[in-house]
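Visitor: Could you take me through one part of this protein up close? I'd like to hear about the sheet, the helices lying on it and the aromatic rings around there.

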Amino acid sequence: LEDTDFLTVPIVGLPVRLQMLEGMDKPIMLKGDGFSIIHNFYTPREIAQMESEFTRVFSEHADKIEILDKEGSSNDERIFNAQSQSSILNDLVTKNSFLRKFVEQYTNQAITNDKLLLNRLTFEEGKVKNSGAGWHRDNHTCQFKTLIYLTDVSERNGNFQFIINSSPAHVGFPTPRTPSYNTRFSDETVTKLITTNPSCSVVNIVGVKGTVVLADTTYIHRGNIIKEGERRAITQYYF
């Protein structure tokens, strides 16, 4: 099952061939874990194309770079709606039929809106930096995203951190940072959540360049604090 001829999707430790997904009437992502990782989804040539377009868009559209600075972290560089700046990224990621089918199968809803984010996070001595600031949910009800690493990412490079069994169906609505912005949580709240809920635990999602992460972001997550190097990533949001 673990050869290089076909795409494999690890589910409960068992890789599933792409052909096996045809005609499935149930989500292939675990409702409890809330994420899946796909290896070798893109060819080396496609990854090289994405890298080139990533660099080009940042270079040619510097006026669109946004830097988020809040909650004592973040400060990553972001360009939203990059699908409008690159037909290659639009075809490879935003309009990818397999990824879209996966999302619709998992959420049981048609995709009505989407946006592509390019994200660059670089270590700087003396600065606390990550992607997306503190622990949060993107939405309490229905939100999904695909994350693609464009650099090798370890736990020292600002990797994606995900808390399993942390959706509203599992743990309800923890105390938010502010009543008016109730999808964001302090470190203390998350520590208490994990301590009092044995089924909740932080998963550090790492991988080589080209790794694809599929995540239900009604679960609590964040970008880890970067300790060295640089992390480049593409994130496709689905609504």
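Guide: A quick bit of wording before we start: a contact here means heavy atoms within 4.5 Å, and angles are taken between N-to-C directions, running from 0 to 180 degrees. Keep in mind, too, that this is a predicted model.

With that settled, look at helix α4, residues 97-107, which lies across β3, β6, β7, β10 (212-216) and β12. Its direction runs at about 145° to β7. The strands underneath belong to an open sheet of seven, ordered β3-β10-β7-β12-β6-β5-β4 and paired antiparallel. β3 (35-38) and β4 (66-70) are the edge strands, and each has a single partner, so one side of each has no neighbour in the sheet. Going from one strand to the next, the twist averages 25°.

Zoom in on β5 (residues 73-79) and β6 (residues 114-122): three bridges join them in the antiparallel sense. One residue to pick out is Arg78, whose bridge partner in β6 is Asn119. A second helix, α2 (residues 44-60), packs on the sheet as well, touching β5, β6, β7 (144-149) and β12 (230-238). The direction of α2 makes about 85° with that of β6.

Now for the rings. The protein has ten aromatic pairs in total. One of them is Phe41 with Tyr42, an edge-to-face pair at 4.8 Å centre to centre with 85° between the planes. Phe41 and Tyr42 are both buried. Back on helix α4, Phe98 and Phe102 sit four residues apart, about one turn of the helix. Their ring centres are 6.4 Å apart and their planes meet at 50°, so this pair counts as tilted. Phe98 and Phe102 are buried too. Ring pairs tie these four into a cluster that also takes in Tyr106, Phe144 and Tyr238.

Two arginines are worth a click as well. The charged end of Arg120 sits over the ring of Phe58, 4.1 Å from the ring centre. Likewise, Arg184 has its charged end over the ring of Tyr181, 5.9 Å from the centre.

Zooming back out, the whole protein has six helices and twelve strands. Of its 239 residues, 51% count as buried. Among contacts with a separation of 6 or more, 83% join residues 24 or more positions apart. As for the accessible surface, it comes to about 11400 Å², with 51% of that belonging to carbon and sulfur atoms.

Methods. Residues are numbered from 1 along each chain as its sequence is written. This is a predicted model: local features need pLDDT of at least 70, side-chain atom pairs count only at pLDDT 80 or more; totals for chains, interfaces and linings use all residues. Side-chain values use heavy atoms; hydrogens and water are left out. Two strands pair if DSSP finds at least two bridges between them. Helices (H or I, at least four residues) and strands (E, at least two) are DSSP runs, numbered from the N terminus. Buried means under 20% relative accessible area, exposed over 50%, partly exposed in between (1.4 Å probe, protein chains only). Accessible areas come from the Shrake-Rupley method with a 1.4 Å probe; for residues, only the protein chains shown count as cover. Rings of Phe, Tyr and Trp (its six-membered ring) pair if their centres lie within 6.5 Å; planes under 30 degrees apart count as stacked, over 60 as edge-to-face and the rest as tilted. A charge sits over a ring if NZ of Lys or CZ of Arg is within 6 Å of the ring centre and within 35 degrees of the ring normal.
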